[in-house]
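Reader: I would like to learn how to read a helix and its aromatic contacts. Please show me a case.

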Amino acid sequence: MLKSLMGMRAGGGPSARLSVLIFHRVLATPDPLFPGEIDAARFDLICGWLKNWFNVLSLEEAVTQLTAGALPQRAACITFDDGYADNCHIALPILKRHGLKATFFIATGFLDGGRMWNDSIIETVRARIGSVLDASFLELGLMRLGSITQGRQVIDTLIAKVKYLGIAERVAAIEALAGASAVELPTDLMMNSVDVKTLL
């Protein structure tokens, strides 16, 4: 009944609207630091809802049909930004299981071992939970990380501090932060070249 009512309000053709669902990551399991981040179980549920309630199109199909005024009712697209490895290893199998298409936007500068600057901060803090982080060089002093809640607060503070630095200055600050904390940052957060080919 509710699905029928939605259909009446979301007609197809020239007046149809397109919904675009934008994702970044799909984690294997929930992340205590970011409990709002989508994990595999939640993404599986979302895909089930999309399959049942929407006409999910590839972005190319949607643009073509939108331009022609021929979108179906409840048209939707799924997109992923940045190029995280979990898009390939976690999200893609779930999408395939539901028979859904998605468009992946890849930040090619981070392929094959690269890492986005905010993730460098997050992973540095994650590795130091339960201890102290020395951010004196950023004029933030010693930052206590006795709990997950404090960890999130420190991440937010550091990102706000580093975000508006110039690129070279930002890179130097992040490297200094990880170096002072004796943290070895992960090199597998983003896709590699083989992962990208898997998406085709």
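Reader: Which residues are buried in helix 2?

Author: This is a predicted model, where local features need pLDDT of at least 70, side-chain atom pairs count only at pLDDT 80 or more, and totals for chains, interfaces and linings use all residues. Residues are numbered from 1 along each chain as its sequence is written, and side-chain values use heavy atoms, without hydrogens and water. An α-helix has 3.6 residues a turn, so residues three or four places apart point the same way. In helix 2, the buried residues (under 20% relative accessible area, 1.4 Å probe, protein chains only) are A40, F43, I46, C47, G48 and L50. Helices here are DSSP runs of H or I, at least four residues; strands are runs of E, at least two.

Reader: What do the buried residues of helix 2 pack against?

Author: They pack against strand 1 (18-23), strand 2 (55-56), strand 3 (75-80) and helix 4 (85-98).

Reader: How do I read ring pairs?

Author: A pair of aromatic rings is described by the distance of the centres and the angle of the planes. Centres must lie within 6.5 Å; planes under 30 degrees apart are stacked, over 60 edge-to-face, the rest tilted. The structure holds four such pairs. F23 and F43 have ring centres 5.2 Å apart and planes at 85°, so they are edge-to-face. F23 is in strand 1 and F43 in helix 2, 20 residues apart. Both are buried.

Reader: Why is the pair of F80 and F104 stacked?

Author: Their centres are 5.0 Å apart and their planes at 10°, so the pair is stacked. Ring pairs link F23, F43, F80 and F104 into a cluster.

Note on methods:
Buried < 20%, exposed > 50% of the residue type's maximum accessible area, 1.4 Å probe, protein only. Contact = heavy atoms within 4.5 Å. Phe/Tyr/Trp six-rings, centres within 6.5 Å; stacked < 30°, edge-to-face > 60°.
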